Structure formats: C-alpha cells, structure tokens
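Let's take a walk through a protein chain together. Keep the picture in view and turn it as you read.

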Amino acid sequence: MEGSAPQAAPPETEAPEIDTSKPHPARMYDYYLGGKNHFAADRETAEKGLAAWQSGRIAARENRAFLGRAVRFLVAEAGVTQFLDIGTGLPTTNNVHEVAQAIEPSARVVYADNDPLVLAHARALLTSSPAGRTAYIHADLRDPRSILSDPAVTQVLDLGRPVALMLVAVLHFVPDEFAPARVLRTLTDALPSGSYLVASHITGEHDPVGPATGAAAYRAAGLPAQLRDGDDFARLAFSGLKLVPPGVVLVSEWRPSTSGPRPTPAEVSWYGGVARIP
Ligand SMILES: C[S@@+](CC[C@H](N)C(=O)[O-])C[C@H]1O[C@@H](n2cnc3c(N)ncnc32)[C@H](O)[C@@H]1O
C-alpha cells in the first residue's frame, strides 16, 4: 500500500482479521498515549501494567518525543531522507513522514507493523507530501528478509542511498528466543554505509518492579515481551555501529529540546539511541 497523496482505505479483504478479544501492543500503546483506538482487552492488560508502573504513560510520551527528535536530527543534521519504520504503531501525532517531510518534503518512508489494526488505519500514514512517498506493509520484524524483499521497500526506498532504520519501542517485543541480534544484522547489513539505526527499549534497571510487572502482564496475555538493561540493549542494537552523541541514554536525555525539568530515570525506564552504520 503506497501513497504520495491521501489514499482510500485498503479493501477489507486485504486486512487480516482484527481480533478484539485479545490485547495488541499497538492498541495498548495508543491507550497509554491517550488515543482512541483500543478495545476492552487492550485496556484491561494495559491497566494491569499501569497498576504497577504508574509512570507508564509518562514513559510512552517520552519515547514518542524521542522518536520525533531522532527523525528531526536525521533529516536536518545527518541529511537522511529515507526511513524504514518497523513497529510503526497506530497513526498518532508526529508520524515519521510528517516530522521528516516538514523539513524535507521529498522524504520517503516505508512503515511496517504486524498488528492488523495498524493496517486498517494505514491510510493516515499514506498522506505523503506530493514530493515524497510513503508506503505501508503488514509485516513481522522477526522475518526481516520478507520486509527487505517487499516491493514497497524496494520501490519506495533507494537502498543504494542511506536509509534510517527505525526500531523504536519494538525490540522489547522480540525476546531472545527469536534471535533479535540476527534480525538486526540482517536489516543493517542490507543498508548502505551512512545509513542509521534508531532504537529504543524498555528497561527494568531503574525500577525493578513497575516495568517487570508490565512485561509480565503482556506475557500473561500471550504477547512476547522482554526487558533489557542498558548494556544488553546497546550490545543488541548498536554493536559495530557508531553511536551519535550522547550515545545510549534514557529517551528523555537524548538531545532534549528544552532545558526544563524531566521525569526521573525510574519514571522513564526506557533507553534510546541513534547510530550510524559505518
Ligand atoms: C509501543 S509501539 C511503538 C510505536 C512507535 N514505533 C513509537 O515508538 O511511537 C510498538 C509497535 O510494534 C509493533 N510490533 C510488535 N511486535 C512486532 C513485530 N514482531 N513485528 C512488527 N511490529 C511489531 C506493535 O504492533 C506496535 O505497533
């Protein structure tokens, strides 16, 4: 599904079935962010997590703000105008193409997520500026080869030029048994020198109870989830890459746009970083 201007919703037959009886991470994240696209099962599981991790909503907002700052940095300072955003989430404010095209209208973005509801709402992600292009694919990060070979990726992105791979708030849904290091290597090996990786990840390092209870609520609902400490996340995501200063830090500390007070490390409990593929 692709667009250089607003497009019609995908035909219903294209969308995998939306199961509202089970929680989905995209809809739970939308609930944390104050969106409207969630069902009772999503709210119930999200509330179980929030009961123990009361700052979960603050953390989600800080993560989303990090994503926006990282995209602005990539376009305005690193000169990157192509994005592969895997684990997109439901459309909300400051989607990657909106942030990127506000600076460079010709920016191109391919979105990918494995939640059927994101596919159903993908029209909002296809509102590209006329000079740029966006596309959406229903795909699973754990199968990176199928993402790389998807026509949306090969037609919308020029893989001979730098691409920013966005894995923001998605790696904690890929536990070790799914070989996330291999997934990452497959993706970064496919991108040319001068490409970037943006990644963020929930951690239990600063609050041993809240995020762990949240992750347990996801697992109890049948959703894979694994917390990682800062070193494990840095090793998994950024090994062999050149981290952009300030390196792997709490998302709230990554090039903050204001000098005002920021939440505590325990409230944020979410690491992020941006690195250049040499
Ligand atoms: C917490 S949201 C993050 C949204 C956005 N990247 C952000 O940071 O604001 C995580 C998204 O990852 C998606 N996701 C989880 N596991 C995935 C997988 N294996 N493949 C593709 N997407 C996945 C979920 O459906 C959800 O939309």
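Among the contacts in the chain with a separation of 6 or more, what percentage comes from residues 24 or more positions apart? The answer is 76%. Keep in mind that you are looking at a predicted model.

Let's begin with the whole chain. Eleven helices and nine strands make it up. Its radius of gyration is 17 Å, close to the 19 Å that the globule rule gives for 278 residues, so the chain is as compact as a globular protein of that length. If you drew a box around the C-alpha atoms along the principal axes, the box would be roughly 45 × 45 × 40 Å. Of the 278 residues, 53% count as buried. The accessible surface of the chain is about 11700 Å², and carbon and sulfur atoms account for 52% of that area. The chain also carries 25 positive and 30 negative charges, and the mean positions of these two groups lie 3 Å apart.

Now let's zoom in on a single residue. Find Y29 in helix α1, which spans residues 25-32. Is Y29 buried or exposed? Its relative accessible area is 16%, and because buried means under 20%, Y29 counts as buried. Leaving out residues up to four places away in sequence, Y29 touches A60, N63, R64 and W270. You can also compare Y29 with R57: they are 28 residues apart along the chain, and their C-alpha atoms are separated by 8.7 Å.

Our next stop is helix α4, residues 96-103, where V96, H97, V99, A100 and Q101 are buried. What covers these buried residues? The cover includes helix α3 (56-76) together with the strands β2 (82-86), β3 (108-113), β4 (133-138) and β5 (164-168).

One of those covering strands, β5, leads us to our last stop. Strand β5 runs parallel to β6, and five bridges join the two. Look for A164, which stands opposite Y196 in β6.

Strand β6 itself covers residues 196-202, and seven of its seven residues are buried. Here a general idea helps: in a regular strand the side chains alternate between the two faces of the sheet. In β6, Y196, V198, S200 and I202 point one way, while L197, A199 and H201 point the other way. Residues pointing either way from β6 are buried, so try turning the model to view this strand from both sides.

Methods
Residues numbered from 1 in each chain as written. Predicted model: local features only at pLDDT ≥ 70, side-chain atom pairs only at ≥ 80, totals over all residues. Heavy atoms only, no water. Helix = DSSP H or I, 4+ residues; strand = E, 2+ residues; numbered from the N terminus. Rg over C-alpha atoms; globule rule 2.2 N^0.38 Å. Buried < 20%, exposed > 50% of the residue type's maximum accessible area, 1.4 Å probe, protein only. Contact = heavy atoms within 4.5 Å. Areas by Shrake-Rupley, 256 points an atom, 1.4 Å probe, with all protein chains shown as cover. Lys, Arg positive; Asp, Glu negative; His and termini not counted. Charge placed at Lys NZ, Arg CZ, Asp CG, Glu CD. Pairing = 2+ DSSP bridges.
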